Amino acid sequence: MIKMKDVYKKYPNGVIASNGLNIKIARGEFVYVVGPSGAGKSTFIKMMYREEAPTSGVIMFKDINLATLKQKEIPQLRRRIGVVFQDFKLLSKLNVYENIAFALEVIEESPQSIRKKVNEVLKLVGLTHKVRMFPEELSGGEQQRVSIARSIVNNPEVVIADEPTGNLDPETSWEIMKILEKINARGTTIIMATHNKEVVNTIRHRVIEIDGGIIARDEVGGDYSVEN
């Protein structure tokens with residue numbers, strides 16, 4: 001699904017965030033990305049959905065080289081990759097239904113198709129009773145569920161979650177993890193950057209540890225074990 005070969009990323013200030021990354025992530029995997037703050041894991045994640053471009057190297061998403069992708073081609077890529085953010089990034093003036101539907105309206109889906117798909121993902125994340133509420137009326141966990149619903153309404157092949165439980169209390173974090181597990185069980189690849197030690201140690205999946213811009217560890221069923 002995703003392959004990196006000799007990927008380097010050097011920022012204008014001289015910081016090397018990725019120092020020769022080589023990795024393969026298969027269809028249907030659930031992968032945790034862990035590492036100390038400033039280790040390069042956010043850059044690692046952002047390069048996968050082309051928020052950042054590598055300085056050199058190859059990043060393949062199936063048959064697309066993200067390293068050479070033109071700016072005008074990025075929106076097309078984002079239709080195939082769902083992204084979940086720590087701070088939700090919901091549109092405050094749109095209600096729950098409208099926030100999710102917006103992702104389909106921009107690609108000009110029919111109203112009937114939008115209604116069907118939005119209702120399906122609302123059911124999946126358990127928010128059918130909140131459709132007319134606005135983000136400010138929701139708890140943090142509910143806002144994150146809306147964010148997840150929006151990320152999967154296009155039925156993407158990959159969901160990239162950047163600290164999806166970072167702003168949530170422990171009980172709500174487990175609820176979010178159950179939803180991500182459910183999405184993964186449907187065949188969607190999940191790549192999740194996280195500092196949540198308890199989640200990683202309890203729900204075991206492949207762990208990729210980034211430290212100093214390199215892959216320090218790649219372990220199936222690994223634990224968190226990061227020195228912060």
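Begin by selecting Asn 95 together with Tyr 97: Asn 95 caps the N-terminal end of helix H3, with one of its side-chain oxygens 3.2 Å from the backbone nitrogen of Tyr 97. Bear in mind throughout that this is a predicted model.

Next, extend the selection to H3 itself, residues 96–105, a helix that is mostly covered, since seven of its ten residues are buried. To see which ones these are, colour Val 96, Tyr 97, Asn 99, Ile 100, Ala 101, Ala 103 and Leu 104, the buried residues of H3. Then bring up helix H4 (111–124) and helix H5 (140–152), against which the buried residues of H3 pack.

From the helices, move to the open sheet of four strands, whose order is S2-S1-S4-S5 and whose pairing is antiparallel. Strand S2 (16–25) and strand S5 (64–65) stand at the edges of this sheet, and because each has a single partner strand, one side of each is left without a neighbour in the sheet. Now select strand S1 (residues 2–10) and strand S4 (residues 56–61), which pair in the antiparallel sense over five bridges. Within this part of the sheet, display Tyr 8 and look across to S4, where Ser 56 is its bridge partner.

The following stop concerns aromatic rings, of which the structure holds two pairs. Select Tyr 49 and Phe 85: their ring centres lie 6.4 Å apart and their planes stand at 80°, so this pair is edge-to-face. The pair links distant parts of the chain, with Tyr 49 in the loop between helix H1 (41–48) and S4, Phe 85 in the loop between strand S6 (81–84) and H3, and 36 residues separating the two. While Tyr 49 is still selected, consider its cover: its relative accessibility is 4%, and Tyr 49 therefore counts as buried, the cut-off for that term being under 20%.

Finally, zoom out to the whole chain, which has seven helices and ten strands. Its C-alpha trace spans about 45 × 40 × 35 Å along the principal axes, and its radius of gyration of 17 Å agrees with the value near 17 Å that a compact globule of 228 residues would have. If you colour the chain by burial, the buried residues make up 50% of the 228. A contact map gives a complementary view, because among contacts with a separation of 6 or more, 68% are between residues 24 or more positions apart. With the surface switched on, you are looking at an accessible area of about 10,900 Å², of which 48% belongs to carbon and sulfur atoms.

Conventions: Residues are numbered from 1 along each chain as its sequence is written. This is a predicted model: local features need pLDDT of at least 70, side-chain atom pairs count only at pLDDT 80 or more; totals for chains, interfaces and linings use all residues. Side-chain values use heavy atoms; hydrogens and water are left out. Buried means under 20% relative accessible area, exposed over 50%, partly exposed in between (1.4 Å probe, protein chains only). Contact means heavy atoms within 4.5 Å. A polar contact is a pair of N or O atoms within 3.5 Å; within protein, one must be able to donate a hydrogen and the other to accept it, and residues adjacent in sequence count only if both atoms are side-chain atoms. Two strands pair if DSSP finds at least two bridges between them. The radius of gyration is taken over C-alpha atoms; the globule rule is 2.2 Å times the number of residues to the power 0.38. Accessible areas come from the Shrake-Rupley method with a 1.4 Å probe; for residues, only the protein chains shown count as cover. Rings of Phe, Tyr and Trp (its six-membered ring) pair if their centres lie within 6.5 Å; planes under 30 degrees apart count as stacked, over 60 as edge-to-face and the rest as tilted.
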